[in-house]
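Please work through the following exercises with the sequence and the structure open beside the text. Each task is followed by a solution that proceeds in steps.

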Amino acid sequence: MSIKQDLTNKNISQRLSIIVYLNSVSNQYKLRHYGDIVYFSKKFGYCILYVNQNEIDQVMRNLNALDFVDRVERSKWDQIDLSSDHIEKQITDLAADAERKLQERQENTEQLL
């Protein structure tokens, strides 16, 4: 069972992250009205906000209308497959690839001798 299914079964409100790029980092405190700020980068001038899933389109429109906001993007975090089957397949593929590369190196060193 995936994490998303577990959260849905528990009736927990789904929240998504959006990335807000700012023209002026001094105004980042105003974003608290739209969601929970979980990360702020002063150097790169962006914030990551968590917003309720059912309100995300309206919040993104409101944020794009603000003069100190450069652009708003929806995070791709929810598209990552965290199921155990997918992770096991990735580990198996990485192990097979590493084994193949090791065999190629051994063959190359044997040919040099």
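## Exercise 1: One tyrosine and its surroundings

Y50 is partly exposed, with a relative accessible area of 35%. The model in which this residue is examined is a predicted one.

**Task.** Find the element that holds Y50, and determine which residues form a nonpolar surface patch with Y50.

**Solution.** Begin with the element: Y50 is found in strand β3, which covers residues 46-52. Next, turn to the surface, where Y50 joins V38 and Y39 in a nonpolar patch whose accessible area comes to about 280 Å² together. The value of 35% for Y50 lies between the limits of 20% and 50%, so Y50 counts as partly exposed.

## Exercise 2: The two faces of β3

**Task.** Establish which side chains of strand β3 are buried and which are not.

**Solution.** Follow the strand and note that its side chains alternate between two faces. On one face are C47, L49 and V51, which are buried, whereas Y46, I48, Y50 and N52 point to the other face and are not buried.

## Exercise 3: Assembling the sheet

**Task.** Work out how the strands pair, and in what order they stand in the sheet.

**Solution.** Start from β3 and look towards strand β2 (residues 36-41), with which β3 pairs in the antiparallel sense over five bridges; in this pairing D36 stands opposite Y50. The hairpin of β2 and β3 has four residues between the strands, and in this hairpin G45 takes a positive phi near 70°.

Then consider strand β1 (residues 15-22), which runs antiparallel to β3 and is joined to β3 by seven bridges, with I19 standing opposite I48. Strand β1 also pairs with β4 in the antiparallel sense, over five bridges, and here the bridge partner of Y21 is R71 in β4.

Putting these pairings together gives an open sheet of four strands in the order β2-β3-β1-β4, with antiparallel pairing. Because β2 and β4 (69-74) each have a single partner strand, they stand at the edges, and one side of each is left without a neighbour in the sheet. From one strand to the next, the twist averages 25°.

## Exercise 4: Confidence along the chain

**Task.** Identify which element has the lowest mean pLDDT and which has the highest.

**Solution.** Take the chain as a whole to begin with: its average pLDDT is 84, and 87% of the residues score at least 70. Among the elements, helix α1 (residues 3-9) has the lowest mean, 64, and helix α2 (residues 56-64) has the highest, 92. Where pLDDT is low, the predicted coordinates should not be read in detail.

Methods:
Residues numbered from 1 in each chain as written. Predicted model: local features only at pLDDT ≥ 70, side-chain atom pairs only at ≥ 80, totals over all residues. Heavy atoms only, no water. pLDDT = per-residue confidence, 0-100. Buried < 20%, exposed > 50% of the residue type's maximum accessible area, 1.4 Å probe, protein only. Pairing = 2+ DSSP bridges. Patch = residues over 30% accessible without salt bridge, like charges linked within 9 Å, V, L, I, M, F, W, Y side chains within 5 Å. Areas by Shrake-Rupley, 256 points an atom, 1.4 Å probe, with all protein chains shown as cover. Salt bridge = Lys/Arg side-chain N within 4 Å of Asp/Glu carboxyl O. Axes fitted to C-alpha atoms, helices over the stretch in contact; angles between N-to-C directions.
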